[in-house]
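Me: I would like to go through this protein with you. Could we begin with the spaces inside?

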Amino acid sequence: MSSFYELSYNELKDIITANGLSARGANVLYNWHYKKKNFEPCVEDLSKGTKELVYGAMSFGLPRISHIQKASDLTVKFLFELEDGSKVETVLIPFNRKYSVCLSTQVGCAMKCSFCFTGMQGLKRNLKVHEIIGQLMMVHKWLGENRPGPDARILNVVFMGQGEPLHNFDAVKKACDILIAQEGASMAAQRITVSTSGYLPGLMRWKDEMPGVNLALSLHSPFDEIRNELIPINQRYPLKEVLKFIDDIPLHRKQFVTYEYLLIKNLNDSEEDAKALAELLKDKRAIINLIPFNPVPGSHYQRPELSTVRAFEEVLVSYKIPTMVRVTKGDDILAACGQLNTNS
Ligand code: SAH
Ligand code: SF4
């Protein structure tokens with residue numbers, strides 16, 4: 001049985017009209033499930049035939065919550081179990097009194113970055129569209145049941161959980177299309193951010209296929225030698241080429257590309273690193289997100305002192321590049337970046 005959450009608005013409409021039913025049904029259903037966030041069958045004005053078609057022949061199954069961890073700062077980490085028993089993690093992050101959600105796109109990841117807990121698992125499989133959308137729907141459901149009220153709103157979606165989103169491009173693109181669809185959740189594209197390690201085959205499709213969505217690149221070192229160690233796919237898709245493609249992406253007036261920079265003690269946290277990074281980005285529409293390394297089991301890397309992080313930040317600010325230090329959220333539950341591993 002195919003999943004409702006797998007279907008773009010147009011696909012749903014086509015299925016409905018192909019059965020001789022009114023296209024309006026697709027509007028009603030998208031509105032009911034995505035805008036109003038209902039999890040029960042639609043009780044609004046919908047023809048009997050459409051109801052039978054949709055609720056008789058489509059599955060509305062969502063990932064099952066296998067485990068929940070709540071951090072002291074209101075961050076919540078969900079461990080979801082999928083139909084085949086695979087597990088992925090999703091993180092709900094407090095943001096301006098509302099929330100952001102960090103979604104996973106793969107079970108594990110093939111990129112094997114040396115600092116990343118997810119990378120240590122290797123790639124098990126891509127997530128399907130309904131498993132990506134399903135994470136978000138389940139988080140909405142949980143919020144409605146556990147933290148109801150005006151603040152229980154998800155303002156931003158970030159693809160920064162397990163997996164390399166651009167290595168599962170088709171599913172990620174379709175999930176974005178579903179979130180953006182006016183008839184449904186109607187999320188603004190600029191509220192969605194996709195983070196990539198620099199997977200070039202995906203970036204090459206970005207310009208035409210992901211208009212308006214925000215891009216974040218995990219940069220981590222301006223020097224190929226170090227970046228090769230941290231992000232092995234840099235050997236195949238070197239930073240210089242990746243940046244060339246990113247520079248070619250048209251941006252809206254207020255849009256920036258985010259460059260994430262993981263800070264690891266004595267590896268990429270020197271003044272020289274900061275200057276080289278600034279030189280690389282100074283003429284771009286860039287925001288830098290500094291991420292002090294979050295320790296993960298089995299890694300010898302260390303987090304730099306706060307004074308080193310501040311000194312690094314100051315160099316970037318002296319180049320007038322907007323820079324933020326990512327405050328680690330959900331630290332006490334291993335929900336921070338790169339700490340997601342579902343083997344254990
Ligand atoms: N695969 C994508 C998105 C998921 S990872 C990517 O690599 O961009 C999201 C962010 O967490 C990336 O910037 C990644 O480099 C970072 N990250 C991974 N492991 C980390 C760790 N141990 N400490 C801090 N950040 C980490
Ligand atoms: Fe994959 Fe991103 Fe982890 Fe690298 S940092 S292994 S690309 S999830």
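**Cavity, pocket and domains**

Reply: Certainly; please keep in mind that this is a predicted model. The largest cavity is lined by Trp-206, Val-213, Asn-214, Leu-215, Ile-249, Leu-251, Gln-255, Phe-256 and Val-257.

Me: How much space lies in the largest cavity?

Reply: The largest cavity holds about 40 Å³ of space. The structure has one cavity of 30 Å³ or more.

Me: How do the residues of that lining divide into nonpolar, polar and charged?

Reply: Seven residues of the lining of the largest cavity are nonpolar and two are polar, while no charged residue takes part.

Me: Now the pockets. What volume does the second largest pocket have?

Reply: Its volume is about 290 Å³. The lining of this second largest pocket consists of 15 residues, and those nearest its centre are Lys-37, His-140, Ile-154, Ala-185 and Met-187. Two or more lining residues come from each of helix H2 (24-35), helix H4 (129-146) and strand S9 (154-159).

Me: Which element gives the most to that lining?

Reply: Helix H4 gives the most, with three residues. By class, the lining of the second largest pocket has nine nonpolar, two polar and four charged residues.

Me: And where does the second largest pocket lie with respect to the domains?

Reply: The second largest pocket lies between domain 1 (2-59) and domain 2 (64-333), because both domains give residues to its lining.

Me: How far apart do the C-alpha centres of those two domains lie?

Reply: The C-alpha centres of domain 1 and domain 2 are 32 Å apart. Across the boundary, 15 residues of domain 1 are in contact with 15 residues of domain 2.

Me: What area is buried between them?

Reply: About 1,400 Å² is buried between domain 1 and domain 2, and carbon and sulfur atoms give 68% of that area.

Me: Changing topic: which residues surround ligand 2?

Reply: The residues around ligand 2 are Cys-109, Met-111, Lys-112, Cys-113, Phe-115, Cys-116, Gly-119, Gly-163, Glu-164 and Ser-197.

Me: How many of the residues in that shell are charged?

Reply: Two residues of the shell around ligand 2 are charged, alongside five nonpolar and three polar ones.

Note on methods. Residues are numbered from 1 along each chain as its sequence is written. Chains are lettered from A and ligands numbered from 1 in the order in which they are written. This is a predicted model: local features need pLDDT of at least 70, side-chain atom pairs count only at pLDDT 80 or more; totals for chains, interfaces and linings use all residues. Side-chain values use heavy atoms; hydrogens and water are left out. On a 1 Å grid over the protein atoms alone, a cavity is a set of points where a 1.4 Å probe fits but cannot get out, and a pocket is an open set with protein on both sides within 12 Å along at least five of seven lines; lining residues have an atom within 4 Å of a point. Grid points are joined across faces, edges and corners, and a volume is the space filled by probe spheres set on the points. Ala, Val, Leu, Ile, Met, Phe, Trp, Tyr, Cys and Pro count as nonpolar, Asp, Glu, Lys and Arg as charged, and the others, Gly among them, as polar. A residue is near a molecule or strand if one of its heavy atoms lies within 4 Å of it. Helices (H or I, at least four residues) and strands (E, at least two) are DSSP runs, numbered from the N terminus. Domain bounds come from an automatic or database domain assignment. Contact means heavy atoms within 4.5 Å. Buried area is the accessible area (1.4 Å probe) that two parts lose on being put together, summed over both.
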